[in-house]
Amino acid sequence: MDAITFDGSCTPNPGGCMGLGWVVTLQNNSFSILGNDRLEKGASNNALFAEYLALKKGMLEYVKADGQGPLTVMGDSQTVIYQMRGIYPIMDDDIWNIHQDITNIIREYELDIHFRWVPRMQNKQADRLSKTKHKIRIEYPNDREFLIDVRNSPAIGKLRKKIAAMNATPFPTNAMYKRLHVSSGDVLSGKDLFELQKMAGKKATKIVIETFPGKRDKNKYYQAQALCWMLRGLAIDLAIKKVKFDIRNKKNSNKNSNTKQSSLVKAKGKKSQSKKKARTSCRGAKYYLNRQTFAF
């Protein structure tokens with residue numbers, strides 16, 4: 001089934017700034033549509049209203065993505081879920097109006113829908129989006145910018161197919177980023193940063209410098225990698241995300257290796273301590289047995 005998770009917050013509650021977050025997952029695609037929004041302080045703002053707004057925006061995003069259902073809507077607000085199921089009554093006019101808007105969407109698109117309450121621990125992604133201050137921009141394939149068509153790029157074979165698939169996917173998965181690599185060096189791998197900047201142009205150069213600022217070798221390396229992926233035909237936004245993914249993946253692998261090493265050191269220390277204890281206990285036992293033997 002397709003799924004929507006949503007969450008809303010209001011700080012302070014009531015009358016504060018409202019944060020909205022939603023995640024739309026389509027089972028016939030390998031991506032989720034993430035979205036969030038923030039509304040300025042208002043006397044009528046409250047946490048329940050924020051929850052309903054997040055649900056409405058998630059529903060609108062779902063029908064925009066041509067979702068046909070069946071659909072499961074999950075949230076950690078029992079009030080919203082049970083009011084949408086008709087179990088709890090609605091006493092507030094503003095809540096009633098937005099409840100009717102959501103009901104109209106369901107009727108208009110004839111959605112087979114089920115509302116299910118989930119604990120907060122199972123709603124972490126929508127909760128995190130509702131508390132994120134910067135706007136998460138939803139990039140659809142038609143909105144993307146390219147430096148070069150992948151069919152005219154130096155990428156060949158499987159790499160070209162992988163790039164084309166990512167360009168056509170609104171939200172490529174981590175697995176897609178991980179599989180995207182150059183098995184053997186191409187014509188772009190041997191070029192320095194200055195040559196790549198000249199080939200990519202001023203706009204792309206400005207984007208990578210602003211994304212990976214600094215003149216240190218590692219910053220220049222990140223800039224060069226981003227430009228290489230753009231020149232291979234990967235969309236500009238995906239090329240930036242690809243480099244960020246590689247950076248994050250490398251940090252995680254280093255952390256894991258350090259954790260393994262420390263655990264091995266601790267394990268060795270425990271083994272040596274247990275051996276010492278065993279030797280000590282063994283000596284005591286021998287001495288005791290000798291005494292007993294001597295006594296008899």
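Buried means under 20% relative accessible area, exposed means over 50%, and partly exposed lies in between (1.4 Å probe, protein chains only). This is a predicted model, where local features need pLDDT of at least 70 and side-chain atom pairs count only at pLDDT 80 or more, while totals for chains, interfaces and linings use all residues. Residues are numbered from 1 along each chain as its sequence is written, and side-chain values use heavy atoms, with hydrogens and water left out.

**Exercise 1. Place Ala155 and decide whether Ala155 is buried or exposed.**

Start with the location: Ala155 is in the loop between helix 4 (124-130) and helix 5 (157-167). Helices here are DSSP runs (H or I, at least four residues), strands likewise (E, at least two), numbered from the N terminus. Next, the accessibility: Ala155 has a relative accessible area of 1%, so the residue is buried. Now check what Ala155 touches, with contact meaning heavy atoms within 4.5 Å. Leaving out residues up to four places away in sequence, Ala155 touches Arg160, Ile163 and Arg232. For Arg232, 77 residues away along the chain, the C-alpha atoms sit 5.5 Å apart.

**Exercise 2. Work out how helix 8 and helix 9 pack.**

Take the geometry to begin with: helix 8 (residues 202-211) and helix 9 (residues 217-231) pack at about 140°, axes 9 Å apart. Axes are lines fitted to C-alpha atoms, for helices over the stretch in contact, and angles run from 0 to 180 degrees between N-to-C directions. Then classify the angle: under 35 degrees is roughly parallel, over 145 roughly antiparallel, 65 to 115 roughly perpendicular, and the rest oblique. Helix 8 and helix 9 are therefore oblique to each other.

Handedness comes next: a crossing is left-handed if the near helix is turned anticlockwise from the far one by less than a right angle, and right-handed if clockwise. This crossing of helix 8 and helix 9 is right-handed. Finally, list the partners: Ala204, Thr205, Val208 and Ile209 of helix 8 meet Gln223, Ala226, Leu227 and Met230 of helix 9. That contact has six nonpolar, two polar and no charged residues. (Ala, Val, Leu, Ile, Met, Phe, Trp, Tyr, Cys and Pro count as nonpolar, Asp, Glu, Lys and Arg as charged, and the others, Gly among them, as polar.)

Zoom in on Thr205 in helix 8. Thr205 has 11% relative accessibility, so it counts as buried. Not counting residues up to four places away in sequence, Thr205 touches Gln197 and Leu227.

**Exercise 3. Do the same for helix 7 and helix 9.**

The angle between helix 7 (residues 193-200) and helix 9 is about 40°, with axes 10 Å apart. Helix 7 and helix 9 are therefore oblique, and their crossing is left-handed. From helix 7, Leu193, Leu196, Gln197, Met199 and Ala200 meet Lys220, Gln223, Ala224, Leu227, Cys228 and Leu231 from helix 9. The tally for this contact is eight nonpolar, two polar and one charged.

**Exercise 4. Which residues touch the most other members of the largest nonpolar core?**

A nonpolar core is a set of buried Ala, Val, Leu, Ile, Met, Phe, Trp, Tyr and Cys residues joined through side-chain atoms within 4.5 Å. Of the 32 residues in the largest one, Tyr52, Leu55, Met59, Tyr62 and Val73 touch the most other members. Helix 1 gives the most to this core, with nine residues. As for Leu55, its contacts are Phe6, Val73, Val80, Met84, Ile102 and Phe115, not counting residues up to four places away in sequence. A second, separate core has 31 residues, including Met166, Met176, Tyr177 and Val243.
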